[in-house]
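Biologist: Please walk me through this protein, one short question at a time. I will ask, and you reason your way to each answer.

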Amino acid sequence: MRLLLEAGFEVPAQAGDADDFLRKALAHRPDVAVVDIQMPPGRGDDGLRAALELRQQRPETGVLVLSQFYEESYALDLIGDSAEGVGYLLKERVGDVDAFTDAIARVAAGGSALDPEVVGRMLGRRQQGGALDRLSPRERDVLGAMAEGKSNQGIAEALFVSEAAVEKHVTNIFHKLGLGRTAGEHRRVLAVLAYLRSATD
């Protein structure tokens with residue numbers, strides 16, 4: 001909590017278990033709620049179930065879920081029918097304060113933030129012969145960065161290419177995946193995540 005306060009976020013409440021988390025998130029109506037998948041009382045997926053319930057009752061509240069381990073089914077359950085206001089990070093990422101606070105800000109603004117390792121595994125486990133196989137290695141890199149929620153500028157900086165090159169790759173990706181024209185960074189991310197959800201292992 002101190003980390004969030006020092007980063008300039010308001011933290012209206014903390015919760016000790018999943019039921020308390022849900023109750024306080026519903027009462028305080030935060031822009032984003034951060035929750036651990038494994039919370040008391042059961043320490044199984046209690047936190048995830050509370051997050052899913054929160055999304056159902058208050059879809060306008062962003063949810064950032066932290067997990068000790070990568071579990072694709074958890075990520076897909078959380079994304080559900082919409083990636084708006086959703087984040088799924090491995091706990092090890094919290095140590096990177098800038099990445100963590102950036103993910104919170106993106107989710108609070110209605111965007112998405114998926115852990116790079118989660119995106120990489122989702123991309124890597126698709127069936128051979130699928131649409132992703134049509135992408136060049138660089139296009140796969142760009143697609144992964146888009147799914148993480150990076151802007152064109154962020155992708156360009158991460159991959160050491162120009163923004164014009166990123167735009168070209170993005171256009172190629174949508175053409176190859178058969179995804180229609182969408183407006184804005186946020187809609188592109190949602191379309192990419194929708195494609196990842198619809199693909200089968």
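Modeller: First, a term: pLDDT is the predictor's confidence in each residue, from 0 to 100. We need it because this is a predicted model.

Biologist: In which helix is confidence lowest, and where is it highest?

Modeller: Start with the whole protein chain: its mean pLDDT is 82, and 83% of its residues reach 70 or more. Confidence is lowest in helix α10, residues 184-198, where the mean is 58. The highest confidence, at 96, belongs to α2.

Biologist: Which strands does β2 pair with, and in what sense?

Modeller: Take β1 and β2: they are joined by five bridges, in the parallel sense. Strand β3, residues 86-90, also pairs with β2 over five bridges. So the partners of β2 are β1 and β3, and the sense is parallel.

Biologist: Which residue of β2 stands opposite Val32, and which residue of β3 is the bridge partner of Val65?

Modeller: Look at β2 for the one and at β3 for the other. Val32 faces Gly62 in β2. Val65 has its bridge partner in β3, and that residue is Tyr88.

Biologist: What is the handedness of the crossover from β1 to β2?

Modeller: Follow the chain from β1. It passes through helix α3, residues 46-57, and then reaches β2. This β-α-β crossover is right-handed.

Biologist: Is strand β2 mostly covered or uncovered, and how many of its residues are buried?

Modeller: In a regular strand, side chains alternate between the two faces of the sheet. In β2, Gly62, Leu64 and Leu66 point one way, while Val63, Val65 and Ser67 point the other way, and all are buried. The strand is therefore mostly covered, and the count of buried residues is six of six.

Biologist: Which element gives the largest share of the lining of the largest pocket?

Modeller: The largest pocket holds about 800 Å³ of space. It is lined by 27 residues, and those closest to its centre are Leu4, Val11, Ala13, Ala33 and Val34. At least two lining residues come from each of α1, α2, β1 and α5. The largest share, five residues, comes from β1.

Biologist: How many residues of that lining are nonpolar, polar and charged?

Modeller: Sort the lining of the largest pocket by class. Four residues are charged and two are polar. The nonpolar residues number 21.

Biologist: Which peptide bond is cis?

Modeller: Look in the loop between β1 and α3, where Pro41 is found. The bond leading into Pro41 has omega near 10°. That cis bond runs from Pro40 to Pro41.

Biologist: Is Arg29 buried or exposed?

Modeller: Arg29 sits in the loop between α2 and β1. Its phi is positive, about 50°, although Arg29 is not a glycine. Exposed means over 50% relative accessible area. Arg29 has 53% relative accessibility, so it counts as exposed.

Biologist: Which residue takes a positive phi just after α8?

Modeller: Within α8, the buried residues include Ile155, Ala156 and Leu159. Next comes the loop between α8 and α9. A residue there is exposed, with a relative accessible area of 76%. With phi of about 55°, the residue is Phe160.

Key. Residues are numbered from 1 along each chain as its sequence is written. This is a predicted model: local features need pLDDT of at least 70, side-chain atom pairs count only at pLDDT 80 or more; totals for chains, interfaces and linings use all residues. Side-chain values use heavy atoms; hydrogens and water are left out. On a 1 Å grid over the protein atoms alone, a cavity is a set of points where a 1.4 Å probe fits but cannot get out, and a pocket is an open set with protein on both sides within 12 Å along at least five of seven lines; lining residues have an atom within 4 Å of a point. Grid points are joined across faces, edges and corners, and a volume is the space filled by probe spheres set on the points. Helices (H or I, at least four residues) and strands (E, at least two) are DSSP runs, numbered from the N terminus. Ala, Val, Leu, Ile, Met, Phe, Trp, Tyr, Cys and Pro count as nonpolar, Asp, Glu, Lys and Arg as charged, and the others, Gly among them, as polar. Buried means under 20% relative accessible area, exposed over 50%, partly exposed in between (1.4 Å probe, protein chains only). Two strands pair if DSSP finds at least two bridges between them. A crossover is right-handed if, with the strands pointing away from the viewer, the path from the first strand over the helix to the second runs clockwise.
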